[in-house]
Amino acid sequence: MSIKIVATGDIHIGQRVSGLPVNVEEFSARDAWKRVVDWSVANKVDIVVLTGDIVDRDNRFFEAIGRLQSGFAKLKENGIMVYAVAGNHDFDVLPQIMQSRTFDNVHLLGENGIWELKEFRKNKEILQFAGWSFPSQYVVKDPLECFNLKNINKNIPCIGLLHGDVNAQGSQYAPVSIDKLMKQPVNVWILGHIHKPQVFSETPFICYPGSPIALSSKETGLHGPLLFTIDNGSINKPERILASPVRFANLEIDISGSTSEELLRRAIISALSGTDNSLDKELQDVNYLVYDIILTGVHNNAAQVKSWSEGLINDFELETDTGTKIVVRKVDVDVSPEIQNLEELAKQNTPVGMLARIIMAINQKSESGLLTQLLSDWKEKYQRVNDWPTYSPLKRTGESTDTLGTTGKKYILKESVRLLGELLQQKTRATWEN
Ligand SMILES: [Mn+2]
C-alpha cells in the first residue's frame, strides 16, 4: 500500500485572481483550496501538506478562515490527515484554529518557531514530518539555525516542511540557504513563500510547490499542487496535478512586414495558436490561458500598430483542443522603425549622426567612446536599482558583468533606434511643413 501526499502552499485564501480581462470569469483562491480538497477526496489521498500562507492576512480574513475550516472538516470526514506549517501571513490564525481542537486530523508543526517531529503510519508504511512555523509576521534569522531534532529516525523517510525565503539573505521572511537544508537528515523538503514552483535539488528533493492558483499576471507558467507517492519506504519524484484554472503567459511576436490590420491580425493569431500544442498536457485543467503580448520587429508606425491591436483586448478569444480559452490581457508595442543608409547618417555631426554611430558600434561589436560611456552609466544605474531592498526577492544571484554588458547594449540599441527613428520622422515632417 502506498501513501499519497498532495502538497501545496501560498493559497492566500481571501485573494482573487487580479488583472483578468473582462471576458474572463472571476477566480478566487478559496476556489483553489476547494479544488485541492475535492481532488484529494476523489483520489483517496492520505495526506494534504500545507506550507504556509494558506490564508491571506489582508483580504477577507474572517471569511477565509471559515473556508479553511470547512476544507479541514471535509478532509476529516474522509480520513485525510493534514500536516501544515504557518507562514508570515497565517502565523497567528493557524495556531488559533488548532486551539479549538475540532480538527484532530490537522497537525500544525513547529508552533512558536520550535522545530517539531510527527510520525504518520498507514499499515506498514511509516513517515516522519519535521516542521517549523512562523512565530510572528517577520523572521530575520534562518530557522535552520535552531534545527535541533535529534530524534529523527534515519531508517524512515522524513519530509521537512518550512515556510521561508530561499537564498535571500537579509529577507524578513525566514531566509534559508539550500546548503543548510541539504545538510539535515531530511529526504524531502517542501517549502512555502515563493509562488513560482521551483526545484532546487533532487537528493534530497528540495522544492517550492508554489501556489495552486496563479493570482496575478506576474505569476506566469504552470501552477498546481504536487502529488508525492511513497512506496516501500521510498519517496517518488512528485508529479504536478490539477493545474490552476487560469494560466498567465508572456509572448513576444515579431510583426515585421505586417503592413495592414489584416496582416497584423494574422501574425498574432498564428503566434497565439502555435504556442499551445506543446502545452496540451499542462492545459488539461486550465480554463483560460491569458497572454500579455509584446509586438516587436521592424515597423515604421508604432501608433498605427497600437491602434490596430487594441481590439485584441477584451474581445479576442481562441480555443485549444483541451477546451482552454486563449485571451489577451495586454498588448505592448515595441517596434523599431526601419532605418536606411545608417552609414551616411553616421557621418553627420548632429544628434542623428551620434545615434547612428552608437547603433553601428553595437551592430558591428566595435568600440566607441560614447558607447563605453553610456554602457558604464547604464550599469551603474541598473546596479543601483537592483540593490534596492524592495527588489531583493526578485533578484537572481550571480549575474555577471558580462551578461550585464550584453543586456545593457540591448537596451541602448533599442533606445537609440527608437530615438533615431523619431528624429528622422520629425525631420521629414519639418521638411513637409517648410
Ligand atoms: Mn510567505
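**Exercise 1.** Find where Ser-309 sits in this predicted model, and decide whether Ser-309 is buried or exposed.

*Solution.* Start with the secondary structure: Ser-309 belongs to helix α6, which covers residues 302–309. Next, check the accessibility. Buried means under 20% relative accessible area. Ser-309 has 2%, so it counts as buried. Finally, look at the surroundings. Setting aside neighbours within four places in sequence, Ser-309 is in contact with Leu-264, Leu-295, Val-331 and Val-333.

**Exercise 2.** Work out which protein atoms are donors of the manganese ion, and which parts of the chain Asp-53 and His-163 tie together.

*Solution.* First, list the donors: Asp-53 gives OD, Asn-88 gives OD1, His-163 gives NE2 and His-193 gives ND1. They lie 2.1 to 2.2 Å from the ion. Along the chain, the donors have the spacing D-x34-N-x74-H-x29-H. Now place two of them: Asp-53 is in the loop between β2 (47–50) and α2 (61–77), while His-163 is in strand β7 (residues 158–163), so this pair ties together parts that are 110 residues apart in sequence. As a last step, turn to accessibility: Asp-53, at 2% relative accessibility, counts as buried, and His-163 is buried with a relative accessible area of 0%.

**Exercise 3.** Identify the residues that form a nonpolar patch on the surface, then classify Leu-374 by its relative accessible area.

*Solution.* The patch is formed by Met-354, Leu-370 and Leu-374, with about 220 Å² of accessible area together. Take Leu-374 from this group: its place is in helix α10 (residues 369–387). Partly exposed covers the range between under 20% and over 50%. Leu-374 has a relative accessible area of 31%, so it is partly exposed.

Definitions and conventions: Residues numbered from 1 in each chain as written. Predicted model: local features only at pLDDT ≥ 70, side-chain atom pairs only at ≥ 80, totals over all residues. Heavy atoms only, no water. Donors = N, O, S within 2.8 Å, 3.2 Å for Na, K, Ca; no water. Helix = DSSP H or I, 4+ residues; strand = E, 2+ residues; numbered from the N terminus. Buried < 20%, exposed > 50% of the residue type's maximum accessible area, 1.4 Å probe, protein only. Patch = residues over 30% accessible without salt bridge, like charges linked within 9 Å, V, L, I, M, F, W, Y side chains within 5 Å. Areas by Shrake-Rupley, 256 points an atom, 1.4 Å probe, with all protein chains shown as cover. Salt bridge = Lys/Arg side-chain N within 4 Å of Asp/Glu carboxyl O. Contact = heavy atoms within 4.5 Å.
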